[in-house]
Amino acid sequence: MALDEYDIDATELLETYDFLMKYIIIGEAGTGKSCLLHHFTHNAFKDHSQHTIGVEFSSRTVKLGEKRIKLQLWDTAGQERFRSVTRSYYRGAAGVILVYDITNRDSFLNMSQWLTDARALASPHLVAVLVGNKSDREDDREVEWAEASRWAAENDVHFLEASSLTGDNIEAPFLLAARSILLSIESGILDPEKAGSGVSYGDRALRRVTSSSHLSFGSLSGARRRRPDKLRLKGWVPSGKCC
Amino acid sequence: MSVPARSPIPSSLYSPSRNAGTPVSAPQTRNPITIRLRKILGTNFTDEATTEALQTLSELYGTQSPVSVSDSKARTAEDPDSDDDWSDENANTRLAVRDHREGLNETASRVRKNLRRDLEDKLAQGSQQFLQAFSEVDQTLDDLQKHVAAMRIACDEAETQLRLSSEASQSLLDRAESLRSEREGVETRKSIVMLFLNRFTLSNEESEAITSREIAIGPRFFEAMNKAERIRNDCRVLMTGEDGPTKVGLDIMASTSSYLEQGYEKIYRWCSFEFRQMGRDVQLEVGSTMRQAISRLSQRPELLSEALAFLTQTRQTALLSAFLDALTRGGPSGLPRPIELHAHDPIRYLGDMLAWVHQAIAAECEFLESLFGLGGLEDEGRARRMVGAVRTFEGSEEEGWVKELLNSAVTKLCVPLKVRVQQTVRSQESSIVSYKVANLLQYYMLTMRRTIGDDALLSTTLSEITEVSYKVFFDAIEAQGRALLRILLDPDDPSLTPPLPILEHAQLLREIMHVYDSSVLDETASEPGQSFNRILDVMLDPAMDMCAAAADEKTRHRPQWDQAVFVLNCWCYLQSVLEAFEFTSEKRRTIQEKIDGRVRLLEDEHYENILRDASLYDTVAIINSKSPSDPLSHLLPAQQLQPTLARFSLWLSSPEVVHSPRLSALSSPSLHSTIHRVCLIRVAKSYAKLCEEVRKSENRYEAASTLLGMERPFGQVGVLWAIFGLEEEGEESTVD
């Protein structure tokens, strides 16, 4: 499940992009949402992380196939007292990263509630990725991989485990969600031109649209066909999902 | 060829021929002659050449006059030295004789005599001919000589001419040389001028790129602008080096500045146009051309601010319409639902609105930062700021712009937001909801302050709204407090527990405290609970006053109703409500002080009651009020003291000693036992003092110990302590 299988090039920032996607990161307090995000945007572990107050924002541009995607990431506070505030940020999110702590069973059991909330409040085609964080602490594991994977399949969400300490699998959830959203756009389920979908075209894509009037995703699909063995999607994609 | 050389020529011509004919120098060398002789002797005269010679000779003499023959013979005789010739001639002659023997003998002899002379004649004749011929030659040579002389003169003349002309052309050559060097100089100057022009003027293409409307803003344009800038800088440097500004310098400055102005003008027009287009989307991004254009235009702040005014305008409109869309229309096909759909749920309604604004600001901020080339560049240097984190404006020009633009972009959102928030706030009946709303607003106010600065219009609007909502909340709870004060207690209700209005009020307070406890506000900075004290004051002070005042009122009608216990019960209850929350400690302390005051009053009251119940009241009063000079036995005779002690002994057996029925009405058992214990201690001390006084000799009691020993506790204070179930305090301290 190494990251380089995605052929990503995430070094560039603030460049033109094809799509802009809004993600929210939710989950119980202390599951490492902010650290996960920090590692994703800064490529380093965040020491001495405090509880998030309300919501925090960051962004990063990633490259998926030939598409450049700008991610607007809203990191939410997990504490109950912020629930009323954070819920307001679910509106119009295209993707949600559900984070639980593999060493804390309660944080996993509450996932259903979080997912229900997110589905109720966010965009109707919300793409969800379940992330079991702190995978580096195998000794303290309380949630088995298989169990979480089963839950993910039942609830139609992607699943993987990551570690915001070591950076293992740190980019995969974001890219996985981005890819699912792109596929939704390709199949016409999502229309980035409409407000509130959580996705919008960037300058690059707009230029392409106006010049050719047909949006081609050949590169993305083609790349996947060419290298089916390289993308070991072992359990990431629940049955019945794309791929 | 010189004239004097003329005469020797014939003699020299003659001389060799003579030598050839007659070898004169023969005797000098013997040997060669011998060799020669032998050779001649060996010679066969039959060879063709000899024959021919003889033939010629004979022909000569065949027609020759005898004179000539004798001449040649005489000559032969005169030259005896020439043996060879002689023998040759002899041989020849012999041959000729042999051939012409028959008739020519005479001729032959004549020949022998005259050969020499003939030959000499012949030679003279020939020489004569030579002379003649040579004189002709001489003549000709003379002519030639003349010609040569003439030529020479001519050549000299020509040479002079040449020299003259060469002298004459020298100046021309010099001139040409100087011209050539001049040309070189001019060439050099030309190339210098060209270089200068290249360096200090814009080419046609470049000036076209700057001025023409046809050529779009792009790398070529920026290149030309760069050059113009560079020219100005170079020129400025050069001009400072000169004595004063040169004309060319001034010209260059003037022309480049006009180009630059046109360039900035062009950027301004382009930016203005682009900015007007930027209205459509909520999300924006910035191309590198735009970023560069903006960074250049910042050289002309007045143009930049004009261009940015357009941007502000379009962004304001775009954000406002997007906001109104989100409020009333929602997302595509109604999902996510419009925010106003939840207007009945104030927290969600306001939260959604403010969250929308917050998110819009985040996107706008990213857009503006990339427009001014901030953000991305910071990546390496310092960690990227998250929106939640405190924004520090470091005072750079770009950041100032970003701040200002951000401020003005969201300005138009303030009015609809404010109207809706105020409407919602004012329509709230529940003070809990009001409080929650105020809390939420305060949270967003702080968030926005961090994001767009304290003095941004949105921040001030939010703080206004927050103030309003807090005011609404405080108005509500103050009104509640006032209403509470008007409440009277039911005079027929004998209970001493807190009345229903107090319970309800406490419940409300509890909820408010819950909200505060789970508040979204970051309280780590200030003293915890600091901001909540005012709420506690407003909530609790009227409640406590009400209890005391209403109890006073009730006591007026029902004197036997235990007011003190009631007030203590109410206050303790209110205090207990606060106990669950740490941040109320300060208020709890003040309540405790009030309670303590009341407790002391109750203690005094209770102590008196106990003394009365134990029939010691009068006795103690006498002891305390007597003057030291009077013996106690005069004031309190033993007969009077004895029944008192008996009644006290009786009281000691009653259950009231360990348990006061009055205090049991106190809701706090610990308060009950504390107060009772304190009173019992005072009773014990009073008894101890009584015993002491009785035993004193100056009080003149007869058989004092008998008097005390008749009834329990037999004058022994320790026994009394034991009966009261108290630890005996130090004897010293018991002596009052």
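Author: A residue counts as buried if 20 or more other C-beta atoms lie within 10 Å of its own, as exposed if 12 or fewer do, and as partly exposed in between, with C-beta atoms placed from the backbone. The structure is a predicted model, in which local features need pLDDT of at least 70 and side-chain atom pairs count only at pLDDT 80 or more, while totals for chains, interfaces and linings use all residues. Residues are numbered from 1 along each chain as its sequence is written, and chains are lettered from A and ligands numbered from 1 in the order in which they are written.

Reader: Why is A:D156 called partly exposed?

Author: A:D156 has 14 C-beta neighbours inside 10 Å. That count lies between the limits for exposed and buried, and therefore A:D156 is partly exposed. The residue sits in the loop between α5 (145-154) and β6 (158-161) of chain A; helices (H or I, at least four residues) and strands (E, at least two) are DSSP runs numbered from the N terminus.

Reader: What makes the backbone of A:D156 notable?

Author: The phi of A:D156 is positive, about 60°, although A:D156 is not a glycine. Most residues other than glycine have a negative phi.

Reader: Which value of phi does A:N43 have, and how do you know whether A:N43 is buried, exposed or partly exposed?

Author: A:N43 is not a glycine either, and its phi is positive, near 60°. Its place is the loop between α1 (33-42) and β2 (55-64) of chain A. With 13 C-beta neighbours inside 10 Å, A:N43 has too many to be exposed and too few to be buried, so it is partly exposed.

Reader: Why is A:T31 called buried, given that A:T31 lies in a loop?

Author: The loop is that between β1 (19-26) and α1 of chain A. Around A:T31 there are 27 other C-beta atoms within 10 Å, which meets the cut-off, so the residue is buried. Leaving out residues up to four places away in sequence, A:T31 touches A:G78, A:V99, A:Y100, A:D101, A:S107 and A:N133, contact being C-beta atoms, placed from the backbone, within 7 Å. A:N133 is 102 residues away along the chain, yet its C-alpha atom is 6.8 Å from that of A:T31.

Reader: How do you know that B:E366 is buried, and where is B:E366 found?

Author: B:E366 belongs to helix α12 of chain B. It has 25 other C-beta atoms within 10 Å, and therefore satisfies the criterion for buried. Between B:E366 and B:V286 there are 9.8 Å from C-alpha to C-alpha, at 80 residues apart in sequence.

Reader: What share of each chain is buried?

Author: In chain A, 51% of the 243 residues count as buried. In chain B, buried residues make up 31% of 736. Chain A has eight helices and seven strands, whereas chain B has 28 helices and zero strands.

Reader: What makes a set of residues a nonpolar core, and how many residues has the largest one here?

Author: Such a core consists of buried Ala, Val, Leu, Ile, Met, Phe, Trp, Tyr and Cys residues joined through C-beta atoms within 7 Å. The largest has 206 residues, and A:Y23, A:V96 and A:L98 have the most contacts inside it. Helix α12 (residues 346-371) of chain B gives the largest share of this core, 14 residues. Beyond its neighbours within four places in sequence, the contacts of A:Y23 include A:L71, A:W74, A:V96 and A:F174.

Reader: Why is α16(B) called roughly antiparallel to α17(B)?

Author: Helix α16 (residues 431-452) and helix α17 (residues 457-486) of chain B pack at about 160°, with axes 8 Å apart. Angles run from 0 to 180 degrees between N-to-C directions, along axes fitted to C-alpha atoms over the stretch in contact. Under 35 degrees counts as roughly parallel, over 145 as roughly antiparallel, 65 to 115 as roughly perpendicular and the rest as oblique. The angle between α16(B) and α17(B) is over 145, and therefore the pair is roughly antiparallel.

Reader: What makes α9(B) roughly parallel to α11(B)?

Author: Helix α9 (residues 247-277) and helix α11 (residues 301-328) of chain B pack at about 5°, with axes 8 Å apart. That angle is under 35 degrees, so α9(B) is roughly parallel to α11(B). Residues in the contact include B:Y264 and B:F275 of α9(B), and B:L303 and B:F310 of α11(B).

Reader: How do you know the orientation of α16(B) relative to α18(B)?

Author: α16(B) and helix α18 (residues 500-517) of chain B pack at about 15°, with axes 10 Å apart. This too is under 35 degrees, so the two are roughly parallel. Among the residues of their contact are B:I432 and B:Y435 of α16(B), and B:L508 and B:V515 of α18(B).

Key: Two residues are in contact if their C-beta atoms, placed from the backbone, lie within 7 Å.
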